[in-house]
Amino acid sequence: MINFKDVSKVYRSGNREIKALETINFQIKKGEIVLLKGVSGSGKSTILSLIAGVTKPTSGDIVVNGKRVSKLQDRFSSKFRQETIGFIFQKFNLIPNISTFDNIVVPIIPLNLDSREIEKRVKKLLKEFNLEHRRDILVKNLSGGEQQRVAICRALINTPEIIIADEPTANLDRKLSLGFIEILKSLKDKTVIIATHDPIFFNLDIINRVIEIENGKVKKDKKTPNRNK
Amino acid sequence: MRKINLYLIEFAINSLFRQKWKNIFIVIVFTLLIVILSSIFQIASSIRYELNLSLNSLPDIFIQKIKAGKLYDIEVDRVDKILEIEGVESAKPRVWGYYYFENAGVNFSVIGIDQYQNQYKDTLKSLVSKLDFEELEKNSSMVVGIGVKKILEESYYNRYFNFIRPDGTIKRVYIAGVFDSNISLEANDMMVMSQETFRDIFQIDGSLATDIVVGVPNKSEIPTVATKIKLLYPDTRVLTKEDLKISYQNIFDYKQGIFLTLFVISIFTFFIIVYDKLSGLNSQEKREIGILRAVGWSMEDILKERFYEALIISIISFLVGYIISLYYVYILKAPLLRDIFEGYSKLRTDFNLMFHFDTQIAIMLFLLTVPIYIGANIIPAWIASSIDIDEVIK
């Protein structure tokens, strides 16, 4: 499903070079829930960006769902994201001055789908995430938990096979973080990759695997035996 | 055929509403610019059109007698020799001049016409409905412009006007008609009467005229004929229709210069907006583009969305501005701007600009504003969407 082969990423800032990842190798199978663990700046978010094709590796090869995302041209990598990836950002990255409905449909707008199809998909998600009554409310007027649910709905609207979550609980209190974990449990048959250093995830039974990143390298890659999905 | 993505258009509209006040301000400024530019061009075009129509109906050559740099009446019998010049079809003496009406402190343009001069007869017939030329001649009457009529009425001259001859005696002339308002720009201060009446008022001998007009059917021969007349009568000034066109054009161009200043100011303001747009997007706009790119929008999708945003703003501003300018020029009669063309004479023209839709002006204005604005919106979005999404969304 996801294959990282000798992947390195170097960011350049003027004359300075920052090595974000150094010869990373791993594979993630379909349906796995993987935790990318590590301190801030360890390279977790870079791995997520590389999986999504948002950024390209300096060297190495990344294959996701049979597509070499490391070599995809811009418009193909956008299409790839549109079809395959659901993104949940640390700060939700919602558009504050538009409604819940409009935020959720953002990823599928370019697809020019039939309005009934869009309505059907959004309705289903709003119901599933208990946001029906907030459908037409501006996102900036929602609570933190509701905003996060909107961000998850947006990540799921294009029925992606892979969900990527970058520090999803960083801006949430414990109660809301537990709520997010409940949502995670409901995401059946999706490959989920969560980059976090929040300990709340560390002993979860839904996590199949923990990859620990340190200074741009894989420090540990440990399978967790209990998967209770 | 791919159907139009209405969701993308709706998203663009929502996006405009997200920065409501900024966009309302841009629409207002953009609309005002279109109003100013379009009004300038429309007034200029309409006046040029009207002047050209008038100038085209002028005689081919005018001959005036000059002595010591001053104009004098010309001998009518010179017509016979002029008619002998090859290429000349007609040569007619004219009488015209100005009458100073002391009560109102204004000058009227007085023209004496000969009923046998078809050139004037036809023109006048088209301007004044139910004009009886024989009556005009017999009963010492005249046709006047709207401005003249108003001024006379202010002094209680409703049916006639009493001219004072050079010897101090009075000549009563009846008002037989008023010129139609759509030719008022030129005819506003005119009094048209028979040559007999004119000569009577100004006490001009029948052997003299104000000038002589010459008709030359072959337009390419006009300069040659003009030169021959000048050689024949060295004490004359020979003006061709082309000379007059140039001098009218000079006055017109001078006034257009003032408009040009307004035009430059307007364009300058427009380019400030364009520059502001080109100088880049704010952090919120950049972040939004980053989010859209991260959730799967291609650069093309983002540029399309930006295109719709700019198109909506520029088309609305252009259409509203253009409609307002039509209303301003042709219904409100261009207050403020019309003063530049009209001047401030007491005999104010009843300014009815002839409606003349100039497609070239509309296209030029459109090309000068709409594509530039759209470009100014798309370029920074293109730059922003080509930078590292990672940087933007973090």
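This is a walk through a predicted model of two chains, A and B, with a selection to make at each stop.

Residues are numbered from 1 along each chain as its sequence is written, while chains are lettered from A and ligands numbered from 1 in the order in which they are written. Because the model is predicted, local features need pLDDT of at least 70 and side-chain atom pairs count only at pLDDT 80 or more, whereas totals for chains, interfaces and linings use all residues.

**Stop 1: the sheet of chain A**

Select β6, β7, β8, β3, β9 and β10 of chain A; in that order they form an open sheet of six strands with mixed pairing. Strands here are DSSP runs of E with at least two residues, helices are runs of H or I with at least four, and both are numbered from the N terminus. Two strands count as paired if DSSP finds at least two bridges between them. Strands of a sheet pair through backbone hydrogen bonds, either parallel or antiparallel.

Go to the edges, which are β6 (85-88) and β10 (217-223) of chain A; each has a single partner strand, so one side of each lacks a neighbour in the sheet. On average, neighbouring strands are turned by 15 degrees against each other, direction ignored. Angles otherwise run from 0 to 180 degrees between N-to-C directions, and axes are lines fitted to C-alpha atoms, for helices over the stretch in contact.

From β6(A), move to β7(A), residues 162-166: the two run parallel and are joined by four bridges. A:F87 has A:I164 of β7(A) as its bridge partner. Add helix α5(A), residues 144-156, which packs on the sheet and touches β6 and β7 of chain A, its direction making about 165 degrees with that of β6(A). Two residues are in contact if their C-beta atoms, placed from the backbone, lie within 7 Å.

**Stop 2: strand β3 of chain A**

Which residues of β3(A) are buried on each side? Select residues 33-37: A:I33, A:L35 and A:K37 are buried on one side, and A:V34 and A:L36 on the other. A residue is buried if 20 or more other C-beta atoms lie within 10 Å of its own, exposed if 12 or fewer, and partly exposed in between, with C-beta atoms placed from the backbone.

β3(A) runs parallel to β8(A), residues 191-196, with five bridges between them; A:I33 has A:V192 as its bridge partner there. β3(A) also pairs in the parallel sense with β9(A), residues 209-214, over four bridges, and A:L35 stands opposite A:V210.

**Stop 3: helix α1 of chain A**

Select residues 44-52. Nine of the nine residues of α1(A) are buried, so this helix is largely enclosed by the rest of the structure. A:K44 is among the buried residues, as are A:S45 and A:T46. Just after the helix, A:G53 has a positive phi of about 75 degrees.

**Stop 4: two residues with positive phi**

A:D6 is not a glycine, yet its phi is about 50 degrees. A:D6 sits in β1(A), residues 2-13, and counts as exposed because it has 12 C-beta neighbours inside 10 Å. In chain B, go to B:Y156, where phi is near 65 degrees. B:Y156 lies in the loop between α6 (146-154) and β7 (160-164) of chain B, and counts as exposed with 7 C-beta neighbours inside 10 Å.

**Stop 5: helix α12 of chain B and its partners**

Select α12(B), residues 299-331, with α14(B), residues 359-386: their axes come within 9 Å and cross at roughly 150 degrees. That makes α12(B) roughly antiparallel to α14(B) (angles over 145 degrees count as roughly antiparallel, under 35 as roughly parallel, 65 to 115 as roughly perpendicular and the rest as oblique). The contact includes B:F307 and B:F318 of α12(B) and B:F366 and B:W382 of α14(B).

Now add α2(B), residues 20-56, which packs against α12(B) at an angle of about 40 degrees, with axes 7 Å apart. The two are therefore oblique to each other. B:F30 and B:I34 are among the residues of α2(B) in this contact, and B:F318 and B:Y322 among those of α12(B).

**Stop 6: where the chains meet**

Finally, show both chains: 22 residues of chain B are in contact with 24 residues of chain A. On the side of chain B, α1 (6-18), α11 (283-294), α12 and α15 (389-393) each supply at least two residues. The largest share, five residues, comes from α1(B).
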